[in-house]
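I opened my notebook to look up how aromatic rings pair up in this structure. Here is the model I worked from.

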Amino acid sequence: MGGDGADRPITVTAVRPGEPSITARRVAAQRLAFPRVPVEGGGAAADDLLAADVAGELAGGPPGPMARYLAARTAFFDRVVVGALDGGVGQIAIVGAGYDGRPLRYARAGVRWFEVDHPDTQADKRERLARLGIEAGHVAFVPADLATTDVGPALLAGGLDRSRRCLFVCEGLLVYLERAVIDRLLAGLRAVAAPGSRLALSVSVATESGEGRERREQFARRVAAVGEPARTVLEPSEAEQLLDRTGWSVGGARGTASDRGRAAGLIVAAAASAA
């Protein structure tokens, strides 16, 4: 998972063929210092163990310029995930999962998790889980380069039950994708979403404030320097238009996220009813 271009096709969150995402490692390293939404049970220790292993020499360093935003984003998605679990959702699919440890931290009996990510990053994560002795049998790993793979069929092949409600999570992903890829991705998720399913996502939004603009420009320079350039920034109104045309309704999910969160690009949408 990265943070919140060129005309060539992209390979999602991979710097070079055969290498895992650097931005995903940075997020894991910073997330170790963030407070998390607590739950009874689950595997917080396993999540922290994985994150510390991924972070390596990055752990314990000074917080990056995006730390405050990443902490707020982490808390937002934690709350959405825990709320979905408490509401009886039995499937959670994380797209662009990186080293997200929520399937460990918030593991719950009877809940199936799906992780979709670029094969190089996912292979590195699975090797680490095996080496650390972390059990992840409740997780279906779905390798996919989103620039070339239709996510809906990939999830179905991985075992997603399209007759059951699902929470789809796209955290820190869409900023790295071209708009055509984003449209195809969100429409593909809607195509396999049962009634009552929801989509939680973060988008990079344009802002007129000097602080916000400077932070976004710093972020763009940092991720470009490691070969994972930011590609899509949306005007606030464009995010809802994007969701509307791909079959998701923000209006159907009101009350699940604050207006302030939506202004920051943190959005929950519901699967829109078929016309």
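My entries below go from the whole chain to the ring pairs.

**Entry 1, the chain as a whole.** I noted to begin with that this is a predicted model. I looked up the secondary structure and found 10 helices and 7 strands in the protein chain. Next came burial: the chain has 275 residues, and 52% of them count as buried. I also looked up the accessible surface, which is about 11800 Å², with 52% of that area belonging to carbon and sulfur atoms.

**Entry 2, the ring search.** How many aromatic pairs does a search of the whole structure find? I got 2.

**Entry 3, Phe76 and Phe77.** These two rings sit 5.0 Å apart, centre to centre, with 90° between their planes, and the pair is edge-to-face. I then checked burial for each partner. Phe76 has a relative accessibility of 6%, so I put it down as buried. Phe77 comes out at 0% and is buried too.

**Entry 4, Phe168 and Trp248.** Why is this pair edge-to-face? The planes of Phe168 and Trp248 meet at 75°, and edge-to-face applies because that angle is over 60 degrees. Their ring centres are 6.1 Å apart, which is within the 6.5 Å needed for a pair. I was pleased to see where the partners sit: Phe168 is in strand β4 (residues 167–170) and Trp248 in strand β6 (residues 248–249). With their positions 80 residues apart, the pair links distant parts of the chain. Phe168 is buried at 0% relative accessible area, and Trp248 is buried at 1%.

Terms used: Residues are numbered from 1 along each chain as its sequence is written. This is a predicted model: local features need pLDDT of at least 70, side-chain atom pairs count only at pLDDT 80 or more; totals for chains, interfaces and linings use all residues. Side-chain values use heavy atoms; hydrogens and water are left out. Rings of Phe, Tyr and Trp (its six-membered ring) pair if their centres lie within 6.5 Å; planes under 30 degrees apart count as stacked, over 60 as edge-to-face and the rest as tilted. Buried means under 20% relative accessible area, exposed over 50%, partly exposed in between (1.4 Å probe, protein chains only). Helices (H or I, at least four residues) and strands (E, at least two) are DSSP runs, numbered from the N terminus. Accessible areas come from the Shrake-Rupley method with a 1.4 Å probe; for residues, only the protein chains shown count as cover.
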